[in-house]
Amino acid sequence: MIRTPLRPLARILDARQKGENPDAIERENKRIRHEQMRDRSRQRAEGRLLVLGVFFFCAFSVVGARMGLLATSEATEPRAHAPGAVISASRADIVDRNGNILATNFETHALYAQPRHMVDPAMAAKKLVGVFPDLDEERLLKDFTGKRKFLWIKKKISPEQMQEVHDIGDPGLLFAPRDMRLYPNGTLAAHVLGGASFGKEGVHAAEVIGVAGVERYFDDYLRDPANGNKPLELSLDLTVQAASEQVLWGGMKLMNAKGATSVLMDVKTGEVVSVVSLPSFDPNDRPRPATKGDPSDSPLFNRSVQGVYELGSTFKIFAAAQAIDLGLVTAQTVIDTSGPMKVGGFRIGEFHNKNYGKLSVADIIVNSSNRGTGRIALQIGVERQQAFLKKLGFFDATSFEIVEAAGGKPLLPKRWTDLSSVTISYGHGLSSSPMHLAAGYAALANGGYKVKPTLIKQTGPQLGPRVISAEASADARMMLRKVVSDGTASFGEVPGYQVGGKTGTADKPRPNGGYYNDKVIATFASIFPAHDPKYVLIVTLDEPVETSGDKPRRTAGWTAVPVAAEMIRRVAPLLGVRPTVEPLEEAVITLAGNN
């Protein structure tokens with residue numbers, strides 16, 4: 001930088017020759033220099049203010065954009081930081097239709113060790129085994145005296161156990177806070193709730209994740225903090241569920257069955273008010289999945305949706321209702337059920353080789369004639385039968401809101417021939433779950449509309465597309481009522497509740513093909529009250545044997561029906577269904593004058 005002198009020699013000499021004052025030149029140069037310095041200072045200040053203004057503008061723009069993004073986006077789970085992991089926070093409750101708690105959170109602790117800080121590892125290991133008998137003292141001592149710097153000892157401990165560990169007094173034994181999932185009703189509705197476990201874990205927090213049932217199906221909803229005060233409300237009724245489980249457990253033991261399941265569904269909303277699968281388990285201490293053997297032997301197996309069975313004669317009412325809907329027959333149409341009957345080279349027989357002769361369509365259902373429904377199925381035809389069963393939902397897994405339901409897809413014949421059509425009409429050749437059957441019977445009972453099974457409480461009827469006419473639905477209800485009043489389900493009569501239903505006894509298939517000679521799946525599909533149905537109840541027993549008589553009896557009329565009747569007797573009052581006198585058919589009276 002070149003500095004200009006205030007008294008330039010050339011100008012001074014020139015001023016002296018002209019007689020001017022040289023000091024004026026210096027004053028003028030000072031003024032000019034000061035003005036230049038002032039201008040430069042102003043420019044620097046303005047530049048700094050501009051930069052500062054741009055900075056604040058950008059900062060406020062970023063903050064505003066972030067606030068706008070947070071305001072318009074969905075809330076995300078708050079996070080708690082722990083070494084090596086980012087761990088989610090709490091979980092919403094699950095309640096029944098009346099607000100009773102089914103699943104909630106419980107504050108507890110986990111126990112871990114830092115061996116480097118332990119004073120007496122041998123003593124600590126010995127006393128820990130006294131508090132937790134399932135621990136191995138030798139293994140603990142090896143871990144405490146080895147090279148490990150961190151060791152989980154117990155993932156969940158009670159307050160009493162925590163106090164006992166406190167009393168040990170070793171500074172290397174530490175506690176980690178935990179928010180665990182608690183199921184206060186124990187085994188009640190275990191297969192629906194499923195269970196939860198820990199995901200990511202740290203010493204400051206642990207992530208609770210659903211592992212089965214609704215806990216897993218609705219995992220995103222339950223983990224969303226926006227739903228912290230909005231529990232997941234299910235369609236289940238806790239008192240009805242408890243009564244159903246109690247009755248089904250007693251019935252399973254009384255009938256010497258290997259397992260059992262029941263489904264109680266509202267015919268107009270599709271709400272499942274109760275669903276039971278036995279044997280069961282406690283979701284507070286969920287067992288590990290079986291790694292070998294038959295999966296259905298595990299208590300984790302949900303027979304209501306995963307149990308895909310041939311459900312026997314319960315399917316006969318579908319053939320009769322469809323034929324009536326198509327105008328092929330009426331309930332009074334007479335069909336010859338006499339033998340022999342062969343389809344595709346195979347003989348179609350009756351139970352115990354009976355020969356019913358000529359029967360009306362209604363009596364075919366009442367007497368459960370295989371040949372009768374087979375001949376009706378041949379009139380319907382393969383394509384129309386397929387279309388009807390598909391509309392009822394027998395081709396796909398149900399939409400029931402637990403993760404296990406997706407695995408309960410029906411087993412259909414590879415080639416749907418006339419023989420397939422006949423055998424399916426009486427419940428063989430197509431395997432489905434009791435939940436499928438409940439939805440199918442609901443459509444017959446509610447006037448002919450399809451409904452979807454749901455675990456979520458509904459505010460009103462949820463009727464889908466029509467699958468049969470109202471007239472065919474009324475005839476189906478009448479025939480189901482006659483099965484109980486005059487047919488194979490006479491043990492299903494419950495005074496005041498006009499039960500209608502159909503029995504089904506299907507031979508149990510062997511794992512390697514063929515059928516057992518002495519093992520069956522017994523099912524009773526019922527509706528009540530039959531004249532104005534409110535609910536469908538499906539009861540299925542796996543390998544039942546009734547032994548009160550001279551010979552063992554395995555049919556559904558002797559096994560599943562009495563269990564279902566007792567269940568209806570117990571739960572109908574809880575559902576608010578009042579006992580009534582059954583309406584009689586109007587008598588045809590002809591008035592004649594006196595002559």
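**Entry 1: D219 and its surroundings**

I began with D219, which I found in helix α8, spanning residues 219–223. A reminder to myself: this is a predicted model. Is D219 buried or exposed? I noted 12% relative accessibility for D219, so I put this residue down as buried, the cut-off being under 20%. Leaving aside residues up to four places away in sequence, I listed R91, I209, G210 and V214 as what D219 touches.

**Entry 2: Aromatic pairs**

Next I went through the rings and came to a count of 13 aromatic pairs. I looked up Y217 and F218, whose ring centres are 5.0 Å apart with the planes at 65°. Since over 60 degrees counts as edge-to-face, I wrote this pair down as edge-to-face. On accessibility, Y217 is partly exposed at 42%, while F218, at 16%, is buried.

Then I turned to F315 and F318, another edge-to-face pair, with 5.4 Å from centre to centre and 90° between the planes. Both rings belong to buried residues: F315 has 3% relative accessibility and F318 has 2%. I also saw that F315 and F318 join F394 and Y441 in one aromatic cluster.

**Entry 3: Charges over rings**

I checked for charges over ring faces and noted two cases. R178 lies over the face of F198, 5.7 Å from the ring centre. K519 does likewise over Y516, at 4.4 Å from the ring centre.

**Entry 4: The two largest pockets**

Which residues lie nearest the centre of the largest pocket? I found S313, F351, H352, T505 and T555 there, out of 37 lining residues. The volume of this pocket is about 1100 Å³. I sorted the lining by class and got eleven nonpolar, 16 polar and ten charged residues. Helix α11 (361–367) and strands β16 (500–509) and β17 (515–528) are the elements that give two or more residues to this lining.

The second largest pocket has about 550 Å³. I counted 25 lining residues, with D294, V308, Y309, K508 and P509 closest to the centre. Here β16 and β17 are the elements that supply two or more residues, and β17 has the largest share, with three. By class I noted ten nonpolar, six polar and nine charged residues for this second pocket.

**Entry 5: Enclosed cavities**

Last, I looked inside for closed space and counted three cavities of 30 Å³ or more.

The largest cavity holds about 70 Å³. I was pleased to meet F315 and F318 again in its lining, together with A319, Q322, A377, I380, Q385, F388, L389, I424 and S425. What classes of residue line the largest cavity? I recorded eight nonpolar, three polar and no charged residues. At least two lining residues come from each of α10 (316–326), α12 (370–380), α13 (382–392) and α14 (418–425).

For the second largest cavity I wrote down about 40 Å³. T187, A189, A190, H191, Q241, E245, V275, V276, S277, L278 and S280 line this space. The elements giving two or more residues are α6 (190–193), α9 (238–254) and β11 (272–278). Strand β11 makes the largest contribution, with four residues. The class tally for this second cavity is five nonpolar, five polar and one charged.

Methods
Residues are numbered from 1 along each chain as its sequence is written. This is a predicted model: local features need pLDDT of at least 70, side-chain atom pairs count only at pLDDT 80 or more; totals for chains, interfaces and linings use all residues. Side-chain values use heavy atoms; hydrogens and water are left out. Rings of Phe, Tyr and Trp (its six-membered ring) pair if their centres lie within 6.5 Å; planes under 30 degrees apart count as stacked, over 60 as edge-to-face and the rest as tilted. Buried means under 20% relative accessible area, exposed over 50%, partly exposed in between (1.4 Å probe, protein chains only). A charge sits over a ring if NZ of Lys or CZ of Arg is within 6 Å of the ring centre and within 35 degrees of the ring normal. Contact means heavy atoms within 4.5 Å. On a 1 Å grid over the protein atoms alone, a cavity is a set of points where a 1.4 Å probe fits but cannot get out, and a pocket is an open set with protein on both sides within 12 Å along at least five of seven lines; lining residues have an atom within 4 Å of a point. Grid points are joined across faces, edges and corners, and a volume is the space filled by probe spheres set on the points. Ala, Val, Leu, Ile, Met, Phe, Trp, Tyr, Cys and Pro count as nonpolar, Asp, Glu, Lys and Arg as charged, and the others, Gly among them, as polar.
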